[in-house]
Each structure stands twice: as C-alpha cells, then as structure tokens.
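Me: I would like a close look at a single part of this structure, followed by an account of how that part relates to its surroundings.

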Amino acid sequence: MTTLHTYDAVVVGAGGAGLRAALEASKSVRTCVISKLYPTRSHTGAAQGGMCAALGNVEEDYPEWHAFDTIKGGDYLVDQPAAIVMTEEAIDAVIELEHWGFPFNRTLRGRIDQRRFGGHTRNHGEAPVRRACYAADRTGHMILQTLYQQCIRTDVRFFNEFYVLDLILSGDGRCAGVVAYELANGEIHVFRAKAVLFATGGFGKIFKVTSNAHTLTGDGLAVCYRRGVPLEDMEFFQFHPTGIYKMGILISEAVRGEGGILINAEGERFMERYAPTIKDLAPRDMVSRAIYQEIKEGRGIDGKDYVYLDVRHLDPEVIEKKIPDVTEFARIYLGVEPTREPVPIQPTAHYGMGGIPTDTDARVVVGSEERAIPGLYAAGECACVSVHGANRLGTNSLLDIVVFGRRGGGHMAAFAASEAFPDLPERPEAETVEMLRHLLKGPNLELAADSMSDLCGVIRSEDGLRQLQGVLAGLRDRFRLVGVQDRGRLFNTELMEAVELGFLLDVADTVVAAARTRDESRGGHYREDHPLRDDDHWLVHSLAYRDADGSVRMEYKDVKLGPYIPMERKY
Amino acid sequence: MAHPDLWPETPHEGPEDLELWEEGPPREPGAGPRAEGPPAAGEVRLTLKIRRYNPAVRPDAWWDEFAVNMHPTDRLLDALHEVKWFHDGTLALRRSCAHGVCGSDAMLIDGRNALACKVLVKDVAPKVTVEPIRGLRVIKDLVVDMEPFFEGYKRVLPFLINDEDPPDRERLQTPQERERYDDTTKCILCAACTTSCPIFWGDGEYIGPAAIVNAHRFVFDSRDRGARDRLDILADRTGVFRCRTTFNCTEACPRGIKVTKAIQEVKRAIMFDRL
C-alpha cells in the first residue's frame, strides 16, 4: 500500500539547511520536512568551532575581507558572486540566530564573542582575524537545537525516520515530488509537491576514516544523480587535519584557533615552514598536506602515520571553557589527558565541497548554461553553490547552511505559491519498489570498501585513481548480488543500509572519475603527478553526469569570477 | 503554516504488483553467524548478550549471545555493528554520529544507561549485556518509541519566548548571565536521563528529567520572558515535584549535565515564585 501526501513544499533532510529552509517556506506555504533521522540527530550537531561573520565585535573586520578569504581559501574555484552574497548576509544570519536564542559566548561587554579560525584573516591576508562566532565547541549543536526549537514554535510538520529514495520528475521536466520509505513499518509514501529542497548533507562514508556520521551516505546526491542531475566539483573533498588517530573523530580547528599547535616527531612546530604568516591556522587542505609531507619524510610520531596536536601550553581555563568537548574526545577515545600529553592526530575525510549544482537561490541548475529544473532546490553540504570552491574554510559550512537554507526556503515558497501542481507520472513508486524487492530477495553478501582513503585521499595520482575505478567496478558487480537477511517490514535498518551502500557507490564513482580527469592540483584535490594549479585549463567546475549505462560522463562549466584575480595561494 | 485538514493524507491501494512485502514468516534472526577464530594479537573477545524483540518473529522478548573479536579501544557501537554486519542483519538499533553528540544510541548497558558510542570495549569485556532503554515501548530489539519522550520535551515550550522588539544587533548578555544556563544547553535529547528515572518508569505521567533540563535552559536565560508559562507547566502533577532526587539522571547523562541540580533549581524557582 502506498500513501499519497500533498504539500506545496517538501524539504528533505533536517540538519541546519533543511530546518532553516523549512522555517522560511512554512511562513507562507504548506511545508513538510522528511528526515531519515530525528532532526536533532543530524550531523550539523557535530560541528564544533564556529560560524564566521564580520561583526567586528572584537577587532576591525568587514564582509569584503571575509569574501576575499573565502575565495582565496577555495583556491579561486569559488563562484565569487555567491561568496559575496554569503559573506554579506552572514551578519544578519548570526543576529537572527541570536534573536532566536542561540547561546553565543559573550565578550565582557555582553556582545557576541569571536575567535580565530583557519584561513580567516584581516585585510587580505595580513594576520589572523577574530571572526568566528561560537558557543564553546558545540556551535553546530546549538545551531541545530536553535533551529529545531523554532520549528517546534512554528509547528513545522516532520516525517521522522522516513528515507527519501527517489525524485519524481513530471513529463515536462518539472520536479513533482519524492518517494519515501517509512522505517517503522516498511511502507512506501509518495509526496506530491510543487517544490522540493534537498538538504541531505554529506557523503563522507565513501571513505573509511572520516569525521562523518554513519548516516552520511550521499542520499540526496545519488537520488538526483540517478534522475539525470549532474554533480558538480565532486573531486574536491576536504580532509580535516586533526582527526583522532585511526578513528577519524574530529578535533576542532578551534583548538588551534585558541592557540593549539601541531608538532612532529622532532617536537618541531612544522607549520612555521609551510605557512610562515598564519602557521597552524593555514587552510585545512594545506595543513593536511603538510602533515602527509612530514610523515612521508619520516617525521611522523614513532615513524608512524600521525603527528601531535599540542595544547599543553594553554591556560587550563581556556581548555575548560572554550574547547571542553574536544578535550573530552581525547580523554575518552584515546585515553590521553590533553592538559598533560599531546594528542595523536591524522587527517580525516570531512567535507564534500562538491554536490548538486545550484544558483544563489538554491535552485538546482544543470549544464554549462545553468538551466533550472523548475521546483527543484538543494542547500547545504549536498549542494554546490559554489561558495567553497576547491577547499572550504572552517566555519563557512555553518554559514552556508543558514544563508542558503533561508534563500532556498524563501524562493521555493514563492515558486510554490505561484505555480499549480505538476502532474504525477504513472506509478511513481514503481522503481523504488523494484529496487527494494531486489535487495530483499538477493543472497546475503558482505561488502566493504576501504580503498577510497588510500587512493583518493589527501594525495592522488593517475595510477591510483585508475586502479580505484577497477575496485569500484568490482564492488558494483558484487553489489548487484547483495541481498539482506532481514526480510521483515518492521524497522528494517539492514534494508536501508543496503540502499545507502548503493548511493555511496554512485557518489564514489563521480568522485573518482572527476579526480582522475582533473590533471592539476587545486585546493583539496592534490595530484602528485600534476602538483601545480593550472588556471589556463582548469579554472572550471566539473559536472559529472550519469550515462544510461551507469558510467560517469564529465562536462565542465565556467567559474563565475568577480573582483578577485586568481593568484598564487600563500599564507 | 499548519493546515492539517486541507489536504488529508490519502492512503490508497497501489497496484498489486507494487506491493513490497510478501506475507509469510520472516527469516529467523540469529541465523548464520560468521565463524570467529580466536582473537588476533591485540584483540579481545567480547560476548554481547542482547535483549531481542521482534513481534513479527516471537510474541515475547528473548536473549541472544554473540561473540566477536574487537580491539580494546573499539566502541561498544563498533561491536554491535560487527554483530549486525557479520552475524545477524536483523538486529535493529539506532546510531548516527558515533562519538556522543547526536544522541541516537542510548541503551541500557550492563544495567546503566549510556551511549553505545561512548563505551569502550576494554571497559566491558569479556561480556556485556545490552538492552533497550526502559520506560518507552520497544518497537524492535534496541529501538524504542521516542514519540512520548519528544512530546514531553515539546510541552515545556523549548524555545526562546520574548515578544519585545529585538535591537538591530544582538541582545546583550554578560558572560555571567550566559554561564547561568550553560550546563543545560549541552542536552542532546538522547533520553538516557529520562529513561533511567524510576518515577518515569513507574507511571506514564511524569514529564521526566530531559524535559525539565530543556525548560531550565530557557528559564535561566536572561533574554527569555516565558519562565512563568514554563514553571506553571512544570508545577502541575506531571512536573518537577514528582522528582525524588535519586540522581540516576545525573549519573546517566552522557554530556555530564548536572541534571538533578537543574531540576532542583527549577523546583526552587517555582517555590520562590509562588510563596
């Protein structure tokens, strides 16, 4: 039995982008949020360090400086008009959160306090600037809580533990809704809608060592990709320098913002060599590569593949008040007492800069001509606006979700208010049912992918990526045979994990294909066989399309430049 | 904008060939465990005794045991994944972030509420008992119905109430005023506190520690003007005065929130306001 629902606007995902979009859209049109988790479980809640905005509360700062840092940090692959929109709207976004009750840390005079973060500088790179607004080291947690609280206040309709498994397009190419699976009882739901906004977050689970939640399986990207939407700039994935050794759990950049430093086996503060001006607060891609270089040259701790994050010289009260959670992670998971011992860290797969291509109103746009699919929107990590370009600066993801969540929610509401419902195709749930049936009937096989981290990680090469495509093809062959052991309709998480595995394989295909094609190094994409940036050929966004036979086809579109001329990236 | 009646949800029989589920008995769970050899160097053997429930299989709950080889510093959640991925795919549990910030995987672990991702194998080996949290209806295995928990949370008006026109910039708040409610902002709504409370188990009416924590977070926020409404809600017979200060909630909180202290502060706020 299928249940049919009708809403003007459907938001898929209940992290920061989804909740912010829903708050905006539900002001004027009938809106619902569909989430595979309870909203407060979303991974926005794991973000730690801060949200940047040029408030200038503790030192001189301007949105224009913030825009420059964002564009330079993204290695000039950023669409400059989008970065300018984001950094100009950042101040209002922070103030709005404060008015909604967000518990920012405060200055002595009662204003929102601000601190340093990687890549954020005063006056175009002179020195680090205090720009990140924060709530201890649980800024993302407080954003998620604050937005969810507002959703309760305004009575937003939620469908929790519903998995969106397909996008419905009408015959004339409009977005007409989504198909969802209800985890509690195994029922299929068709949501008819005038507008759908995907805000399903990241896809870090394509990597073995990642800071991402188990549930970050690229669902929204894969669902759109399978329906012909390209994925933009998928080769750009951020490896955060300070993951807990072997586990990948994140130690916030705020630790370095508060004065923590990285040291190698010789006790040397090695970032002084790689980024003489801002040292340990260089952008994440540079710090991660520096750590790899240290390890490669034999200066990893005990000759192994990790270095130390050191906070022993910090005032214990700073540790207690400003970075309590991350020090607790070190205590629990490593048994290390950070006030007395350095913390073993290594880069961890953290954030996908690429995603579903959108404009600054979060409308999904396809092709080099950027043709909008009417009624289809995306925001947050699953989208690519592109404000992060080839490497995202710390704190800009929390800013991205509230700014573009709001813009997308507003635009979709206006669109829905002026349009009629598109026609639903016949039997819109048929392909979803077929996919699930296949997984329920197949034999029970194990699948595991660990090659991504090795061959498509911080350092990449043609040979490795070619080899990886072979590995992925083999996994895809095996995936065709996958079936689940649980054949019951009740809370069948095994069935959904199998579906998610299929999503991950599709997303991984696009990442590897895009990385193999781009034979230059830029931001988070480093090719040891092509170590230099090549603006003559590669100042373009990649678009990965799914061909009818399932293979990836690459196309490209121009980067939207602006006031800032690409120059060499030094810090 | 809530218009629940405008477009009612319409269940309809889809075409028969689109029915997903076939009738008939599901496959018996617990089948086909992977053979585990002795633990490799650096590994330990962990036996998980798990309380199972699946009304489609058996009417009553039962116990299953699984032995897995793990690293001592693995999380209990990793061991549960080992069971689910390699021994019994029907095992149902909730999890997401796997490092104690999302609040999905609260369970009764060796008789105490905790997050499975914050308990390490070395602290429970060689044997651990895992059950669903108490006081909420079990849906399947370790998964309980969270709706009554979230309904309690929503009853305390868990959002900033202030109808005054805000300034153009931020409202001011001193570090001391901010510190006053800091502890209760840490709540991740995992339900470990509420489902450790004997009063909550005993009757279906007590609103429970987590809801009070979230009321506290706003009652003591200098920017909020809704304290009176919340305290009225918490003063009634389902509210704070059911608390018998057993401190289970404080011990259970994976975020280290001083839950019992927060409840006492709310009680005092009600009494001073009233008396």
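Which residue stands opposite Leu543(A) in β19(A)? Please begin there and then proceed outward.

Reply: The model discussed here is predicted. In it, the residue that stands opposite Leu543(A) in β19(A) is Glu232(A).

Glu232(A) leads directly to a pair of strands. Strand β10(A) is joined by two bridges to β19(A), which covers residues 540-546, and these two strands run antiparallel. They belong to an open sheet of three strands in chain A, arranged in the order β10-β19-β20 with antiparallel pairing. Strands β10 (231-232) and β20 (552-558) of chain A form the edges, as each of them pairs on one side only.

Two helices of chain A should be considered together with this sheet. Helix α5, made up of residues 219-226, packs on the sheet and touches β10, β19 and β20 of chain A. The direction of α5(A) makes about 70° with that of β19(A). Helix α15(A) lies across β10, β19 and β20 of chain A as well, and runs at about 60° to β20(A).

From the sheet, the account may now turn to the contact between the chains. This contact takes 90 residues from chain A and 88 residues from chain B. The size of an interface is often given as the accessible area lost when the parts come together. For chain A and chain B the buried area is about 7,700 Å², with 51% of it on carbon and sulfur atoms. On the side of chain A, the residues that lose the most area to chain B are Arg41(A), His214(A) and Gln485(A), which together account for 10% of what that side buries.

The interface of chain A and chain B also holds 39 residue pairs in polar contact. Several elements of chain A each supply at least two residues to the side that touches chain B, and α15 (493-517), the helix already met at the sheet, is one of them. The element that gives the most to this side is α4(A), with eight residues. Sorted by class, the side of chain A that touches chain B has 37 nonpolar, 28 polar and 25 charged residues.

Finally, eight salt bridges are found across the interface of chain A and chain B. In one such pair, the side chains of Arg223(B) and Glu98(A) meet at 2.8 Å, N to O. Another salt bridge brings together the side chains of Glu170(B) and Arg111(A), at 3.4 Å, N to O. Here Glu170(B) is in the loop between α2 (147-155) and α3 (175-180) of chain B, while Arg111(A) is in the loop between α3 and β4 (114-122) of chain A.

Key: Residues are numbered from 1 along each chain as its sequence is written. Chains are lettered from A and ligands numbered from 1 in the order in which they are written. This is a predicted model: local features need pLDDT of at least 70, side-chain atom pairs count only at pLDDT 80 or more; totals for chains, interfaces and linings use all residues. Side-chain values use heavy atoms; hydrogens and water are left out. Contact means heavy atoms within 4.5 Å. Buried area is the accessible area (1.4 Å probe) that two parts lose on being put together, summed over both. A salt bridge is a side-chain nitrogen of Lys or Arg within 4 Å of a carboxyl oxygen of Asp or Glu. A polar contact is a pair of N or O atoms within 3.5 Å; within protein, one must be able to donate a hydrogen and the other to accept it, and residues adjacent in sequence count only if both atoms are side-chain atoms. Helices (H or I, at least four residues) and strands (E, at least two) are DSSP runs, numbered from the N terminus. Ala, Val, Leu, Ile, Met, Phe, Trp, Tyr, Cys and Pro count as nonpolar, Asp, Glu, Lys and Arg as charged, and the others, Gly among them, as polar. Two strands pair if DSSP finds at least two bridges between them. Axes are lines fitted to C-alpha atoms, for helices over the stretch in contact, and angles run from 0 to 180 degrees between N-to-C directions.
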